[in-house]
Amino acid sequence: HPHRPTLMGVTCAAVVGKGNNPLYVRTFGVSEDEALRFHFVVHTSLDVVEERRVGGLSDLYLGLLCPTDDYKVYGYITNTNAKLFLVTDDIDIKEADIKSFFRRFHAAFVDFVCNPFYSMDTAITSASFDREVVQLARSYQ
Amino acid sequence: DFSQGKRDMSSKGGAYAKMEKINAELLSVTYGTFVMQLLKDLPTLESVNSKLEEIGYNMGLRIVDEFFAKSGEGGCKDVEDTAEVMAKRGFKMFMGFEADIKDWAENKMAFTIFFTLNPFADFVELPEGYSTLHYSNVLCGIIRGVLKALNILVKCKFIRDVLKGDSQYEIRVDIEEILQDKYA
């Protein structure tokens, strides 16, 4: 199948709750079937997150978690143990861009969580959060 | 600033500056959690709307004295003046921004108060099925309470709501009666 180019390198952005339950998995430029694969990619990255954390990290940014054949997965953990993931196939992506993506993704998540209608640790179905993440991903062109 | 002879509609310093400030997010989160609790406890969205209004009414009755104490305002000469002072100076003092008035009825017995900011509703996204909820209805109650303390009996309702996709918030105020014992 032809691999369509992604929106500037961001192939997938995900939020996983503290119980390691996926709350939000957003893919860009991939088919339905491929999208499912990213759930798996994010899930396997969780193990690496655990390993990195054992060392007592002070930084929220966890760095490159695992390079698979086609993608690189970067991780970020919030102080309340929510995990943010960025999957990219862009080999030239700069670390400064990754860090700034996570900062902004984190900020969007923090604002979203203040919605009183959102039950903590449940699936994120908000259209406006989704729009913001899409816009965020688009800005890394 | 009590030395001013004439009423100064500008909002630099003055009453707003004298108020103690709290973090606006604390207000948003507190109010939001409170609305969620009412949604759990009460049977219908309409009953939540009523309860929010009732609570706002009790708040409004009380804050009028605070407003007059801190703002240095004297009595207003008529209903139009009262509405303007409430929207500009009252809102500024308590909410941090000025609201505005428009659409006066011919007989001056109704008007619309409108504003774009609303700290009660920051971060809120109404889910499906909540279109009849007036999330910020406490404000309607506050306005009703404030005007009641000034012997003006009104009914208020939201006619435009940013949470429902409108570009600004609009509350329609219908004056039912102006009681004659208004202080001079």
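Residues in this tour are called buried under 20% relative accessible area, exposed over 50% and partly exposed in between. The model on screen is a predicted one, and the stops below move from aromatic rings to salt bridges and then to a pocket.

Begin by selecting B:Trp104 together with B:Phe111, an aromatic pair whose ring centres are 4.7 Å apart and whose planes meet at 35 degrees, a tilted arrangement. B:Trp104 has a relative accessibility of 21% and therefore counts as partly exposed, whereas B:Phe111, at 2%, is buried.

Next, move to chain A and select A:Phe112 and A:Tyr118. The structure holds 20 aromatic pairs over all chains; in this one the ring centres lie 4.7 Å apart with the planes at 55 degrees, so the pair is tilted. A:Phe112 is buried at 8% relative accessibility, and A:Tyr118 is buried at 9%. Widening the selection shows that both belong to a cluster linked by ring pairs, which includes A:Tyr24, A:Tyr61, A:Tyr76 and A:Phe129.

Return to chain B for two charges that sit over rings. The charged end of B:Arg144 is placed over the ring of B:Tyr57, 4.0 Å from its centre, and B:Lys102 lies over the face of B:Phe114, at 5.2 Å from the ring centre.

For the salt bridges, of which there are eleven over all chains, select A:Arg37 and A:Asp70, where the closest N and O atoms are 3.3 Å apart. A:Arg37 belongs to helix H1 of chain A and A:Asp70 to the loop between strands E3 and E4 of that chain, so the bridge ties together parts that are 33 residues apart in sequence.

In chain B, B:Lys155 and B:Glu176 form a salt bridge with the closest N and O atoms 3.4 Å apart; the pair links strand E3 to strand E4 of chain B, with the two positions 21 residues apart in sequence. Here B:Lys155 is exposed, with a relative accessible area of 52%, while B:Glu176 is partly exposed at 48%. Also select B:Glu84, B:Lys88 and B:Asp100, which are linked in a network of salt bridges.

Finish at the largest pocket, which holds about 820 Å³ of space. Of the 30 residues that line this pocket, B:Phe91, B:Met93, B:Phe94, B:Met95 and B:Gly96 lie nearest its centre. Colouring by helix shows H2, H3, H4 and H5 of chain B each supplying at least two lining residues, with H4(B) giving the most, eight residues. By residue class, the lining divides into 24 nonpolar, four polar and two charged residues.

Terms used:
Residues numbered from 1 in each chain as written. Chains lettered and ligands numbered in written order. Predicted model: local features only at pLDDT ≥ 70, side-chain atom pairs only at ≥ 80, totals over all residues. Heavy atoms only, no water. 1 Å grid on protein atoms, 1.4 Å probe; cavity = no way out; pocket = protein on both sides within 12 Å on 5 of 7 lines; lining within 4 Å. Points joined across faces, edges and corners; volume = space filled by probe spheres on them. Helix = DSSP H or I, 4+ residues; strand = E, 2+ residues; numbered from the N terminus. Nonpolar A, V, L, I, M, F, W, Y, C, P; charged D, E, K, R; others polar. Phe/Tyr/Trp six-rings, centres within 6.5 Å; stacked < 30°, edge-to-face > 60°. Buried < 20%, exposed > 50% of the residue type's maximum accessible area, 1.4 Å probe, protein only. Lys NZ or Arg CZ within 6 Å of the ring centre and 35° of its normal. Salt bridge = Lys/Arg side-chain N within 4 Å of Asp/Glu carboxyl O.
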